[in-house]
Structure formats: structure tokens, C-alpha cells
Amino acid sequence: MSIVFVPKKLRGKAKINQETIQRLLDENDQLIRCITEYMQKGRAVECVQYQQILHRNIVYLATIADASPDDTPPITNVRRNSAY
């Protein structure tokens, strides 16, 4: 299950830090790999659930980025995959 999924009673209480963002980026990487694998096997129907989780994660990350003050330094320790 996605780390973005948080029960309603706990929403708004999660601390957003570099580790959380990195975990989301790592999860997105894995989701993209799963989607690609299923697509290559011609199993597009199975991709839908992973695409929905990926979309939710991306929207969540964008919301965090939009809410960040402009004077916050960019995250520099984010690992990047050169496979893409």
C-alpha cells in the first residue's frame, strides 16, 4: 500500500521531511517499473491500480511543493536513477 494513504483521523498530522519525500520517490520508481513490466506483457488492465497510486503520489508531492515557501532551499540529497 502506498505510504501516502493515511487514515482520515491521522491526516494533517504527518511530518513532511526529506526522508518521507525520498520514500515517495522510491515508491514511484517501483510503481513505474511495475507498470512498465505489465504493459510489456500486454496486461494493461492490471496497470490501472498502480497508475492510480502513482497519480496520487505525484499529486501529493506537487501539493507539498506548492505549499513550500519559495525561500526553502531545494532538496539536494535526492537519489536519481539514470535508467530513465
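Tyr50 is found in helix α2 of what is a predicted model, and this residue serves here as the point of entry into the arrangement of the chain. At 21% relative accessibility, Tyr50 counts as partly exposed, since the buried class is reserved for values under 20%. When residues up to four places away in sequence are set aside, Tyr50 touches Leu31, Ile35 and Tyr38. Its C-alpha atom also lies 7.6 Å from that of Cys34, although the two residues are separated by 16 positions in sequence. A further pairing is that of Tyr50 with Gln30, where 20 residues in sequence correspond to a C-alpha to C-alpha distance of 9.7 Å. Gln30 itself has its place in helix α1 and is partly exposed, with a relative accessible area of 45%.

The secondary structure of the protein as a whole comes to 2 helices and 0 strands. Helix α1 covers residues 18-40 and helix α2 covers residues 44-67, and their axes come within 9 Å of each other while crossing at roughly 155 degrees. Because this angle falls in the range over 145 degrees, α1 is roughly antiparallel to α2. The crossing of the two helices is left-handed.

The contact between the helices draws on residues from both partners. On the side of α1, the participants are Ile21, Leu24, Leu25, Glu27, Asn28, Leu31, Ile32, Ile35, Tyr38 and Met39, and these meet a set in α2 that includes Ala44, Glu46, Cys47, Tyr50, Gln51, Ile53 and Leu54, as well as Asn57, Ile58, Tyr60, Leu61 and Ile64. Sorted by class, the residues of this contact comprise 17 nonpolar, 3 polar and 2 charged.

Within the protein, the largest nonpolar core is made up of 5 residues, namely Leu31, Ile35, Cys47, Ile53 and Leu54. Both helices take part in this core, with α1 and α2 each supplying at least two of its residues, and α2 gives the most, with 3 residues. In soluble globular proteins, nonpolar side chains tend to be buried together. One member of the core, Leu54, is in contact with Asn28, Leu31, Ile32 and Ile35 once neighbours within four places in sequence are left aside.

Asn28, one of the partners of Leu54, is found in helix α1. Asn28 is buried, with a relative accessible area of 7%, a value that is under the 20% limit for this class. Apart from neighbours within four places in sequence, the contacts of Asn28 are with Leu54, Asn57, Ile58 and Leu61, residues that are also listed on the α2 side of the contact between the helices.

Considered over the whole chain, 21% of the 84 residues of the protein count as buried. Among contacts between residues at least 6 apart in sequence, 69% join residues that are at least 24 apart.

Key. Residues are numbered from 1 along each chain as its sequence is written. This is a predicted model: local features need pLDDT of at least 70, side-chain atom pairs count only at pLDDT 80 or more; totals for chains, interfaces and linings use all residues. Side-chain values use heavy atoms; hydrogens and water are left out. Axes are lines fitted to C-alpha atoms, for helices over the stretch in contact, and angles run from 0 to 180 degrees between N-to-C directions. Helices (H or I, at least four residues) and strands (E, at least two) are DSSP runs, numbered from the N terminus. Angles under 35 degrees count as roughly parallel, over 145 as roughly antiparallel, 65 to 115 as roughly perpendicular and the rest as oblique. A crossing is left-handed if the near helix is turned anticlockwise from the far one by less than a right angle, and right-handed if clockwise. Contact means heavy atoms within 4.5 Å. Ala, Val, Leu, Ile, Met, Phe, Trp, Tyr, Cys and Pro count as nonpolar, Asp, Glu, Lys and Arg as charged, and the others, Gly among them, as polar. Buried means under 20% relative accessible area, exposed over 50%, partly exposed in between (1.4 Å probe, protein chains only). A nonpolar core is a set of buried Ala, Val, Leu, Ile, Met, Phe, Trp, Tyr and Cys residues joined through side-chain atoms within 4.5 Å.
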